[in-house]
Amino acid sequence: MASRECRTGSHLISANGVGVRIAVILFWTGLLGVAMACNGGYKIRVKKIENCAGTDAIITADQNFSVVLTKNCDIKTRGCVRFKDFKTGNAKYTISKDGVQVMQGSTDICDQASRPRRTENIAELLRGLGVPEKCPIEAGQICTEPSQVVNINRFKQYLPLARGAIAVDVAVQHDSKDGFSIKVNKVENCAGADGIITLSEDTAVTLQDDCSLSLKGCVNLKAFNTAAGTVSVSKNGKEMFKKQIDACKMGKKIPFIDSLPGGVCPQSDNDFCADPSKKLPMERFKKMMGIMKGTLGIEVNLDHDTNGGYQMVIHSIENCAGEGQIVTIDPKSTVTLMEDCTVMSKATARTVGFKTAEMEVTITKNGLPVLKENVDICANLEEASDNKEAAEIITMFGVPDHCPVAASEVRTDESQTYSLEKYKQHLLVAQGRSIIDVLVKHDKGESCFKIDLEVIAPNLIG
């Protein structure tokens with residue numbers, strides 16, 4: 001839908017027009033500095049006002065709208081502007097003087113109506129005339145009478161510049177998509193028959209006249225607990241960006257996600273179809289449509305219930321406190337990060353017993369120090385025993401739950417696993433090679449370990 005007002009004049013015709021400031025009276029407030037006449041011989045004469053959007057026009061002005069300039073620089077107007085309901089108004093305008101174009105541009109009239117930068121005298125004038133200060137606008141009319149005046153005395157020095165025939169052409173798009181459309185050329189489920197999430201071939205996206213999106217099509221889901229991976233967007237065959245996402249963490253920030261029972265994660269086997277009558281407002285992205293014009297490719301690769309392709313490798317374990325070491329770890333011990341984000345360990349640790357254990361940990365990553373921390377192991381064991389999850393781990397791996405610790409041997413095998421799912425998002429930060437230096441001071445000696453650990457990131461290229 002559109003509003004379009006065309007004006008031609010001999011001396012002066014209003015500049016911003018209905019499309020820019022909603023009401024005809026805003027002709028004067030919009031271009032006071034360049035298009036006014038005052039005493040000293042200048043006059044204002046409106047030669048013609050044409051409503052050129054036809055019978056469907058949202059905003060129309062009286063064709064006999066009149067303007068008079070008094071000797072004391074007051075502008076008096078008579079006429080009405082009528083409008084239908086609208087929520088948005090994006091205006092494009094062209095101004096010509098004596099047949100030569102001098103200005104063109106565009107503006108959001110709803111933004112202009114509500115903008116806080118307006119001076120108070122203009123704001124007071126608009127309120128007095130009943131001009132709405134924000135959108136949406138309800139159907140109605142605004143009429144002006146000669147008793148309502150605008151004084152332009154402070155702008156009289158610009159009159160020589162404004163002298164001549166000024167024509168203004170204003171076109172306003174209301175509640176529309178500005179002629180843009182969206183067509184889905186192809187939907188490909190590129191994970192094959194094993195895909196956890198698949199889209200139906202009739203999947204479609206429609207951009208409505210009110211600048212909202214609606215969806216068509218169905219989604220088939222297989223059960224999953226996690227959904228993390230990458231999304232890439234290309235335009236006309238050239239990649240614009242590629243980033244990692246965690247759909248579970250994004251949750252309701254994902255459009256139409258309230259259609260999924262229970263949110264994003266976890267999901268059970270299910271099928272659901274989009275409701276074409278459900279609309280996603282896109283008005284705030286409207287200004288980007290011109291930039292996005294072209295062929296867009298969107299590729300989403302998600303890993304479900306996996307570690308996202310990361311690997312964990314222990315290159316070496318060194319016991320560095322010598323013969324008097326209180327706790328020793330078998331250098332052949334291994335730790336494996338499984339595809340389902342669980343950790344599988346095969347290790348042996350021995351201790352001659354201790355009553356206290358003050359630990360200092362230093363981590364160096366890719367040659368740079370990133371962490372140094374002191375921990376009281378005995379105090380932590382007592383706190384861990386009160387934590388259900390930590391207590392389960394302690395019991396599973398046979399770790400003593402309090403000090404003092406008697407001489408003992410703790411073994412783990414590959415049947416014992418621990419899930420790192422809730423720490424999965426930290427794998428990206430942890431990627432790279434790290435040296436972990438651990439020094440533990442006991443009541444009768446020390447324990448020292450140097451662990452060379454590497455977290456290998458998945459290959460995201462190609």
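Two strands count as paired here if DSSP finds at least two bridges between them. In this predicted model, strand β15 (residues 228-235) clears that bar with β16: the two run antiparallel and share 8 bridges. Within this pairing, V233 sits across from F241 of β16.

The β15-β16 pair belongs to a bigger arrangement, an open sheet of 3 strands ordered β16-β15-β19, with antiparallel pairing. The edges are taken by β16 (238-246) and β19 (296-303); each has a single partner strand, so one side of each goes without a neighbour in the sheet. Going from one strand to the next, the twist averages 15°.

Zooming out, the protein holds 10 helices and 29 strands. Its chain fold leans on long-range contacts: of the contacts with a separation of 6 or more, 67% link residues 24 or more positions apart. Of the 462 residues, 37% count as buried.

As for the outside, the protein exposes about 26500 Å², with carbon and sulfur atoms supplying 53% of that area. One nonpolar patch on this surface covers about 260 Å² and is built from V100, V102 and M103. V102 lies in strand β7, which spans residues 100-108. With the cut-off for exposed set at over 50% relative accessible area, V102 makes the grade because its relative accessibility is 54%.

Terms used
Residues numbered from 1 in each chain as written. Predicted model: local features only at pLDDT ≥ 70, side-chain atom pairs only at ≥ 80, totals over all residues. Heavy atoms only, no water. Patch = residues over 30% accessible without salt bridge, like charges linked within 9 Å, V, L, I, M, F, W, Y side chains within 5 Å. Areas by Shrake-Rupley, 256 points an atom, 1.4 Å probe, with all protein chains shown as cover. Salt bridge = Lys/Arg side-chain N within 4 Å of Asp/Glu carboxyl O. Helix = DSSP H or I, 4+ residues; strand = E, 2+ residues; numbered from the N terminus. Buried < 20%, exposed > 50% of the residue type's maximum accessible area, 1.4 Å probe, protein only. Contact = heavy atoms within 4.5 Å. Axes fitted to C-alpha atoms, helices over the stretch in contact; angles between N-to-C directions.
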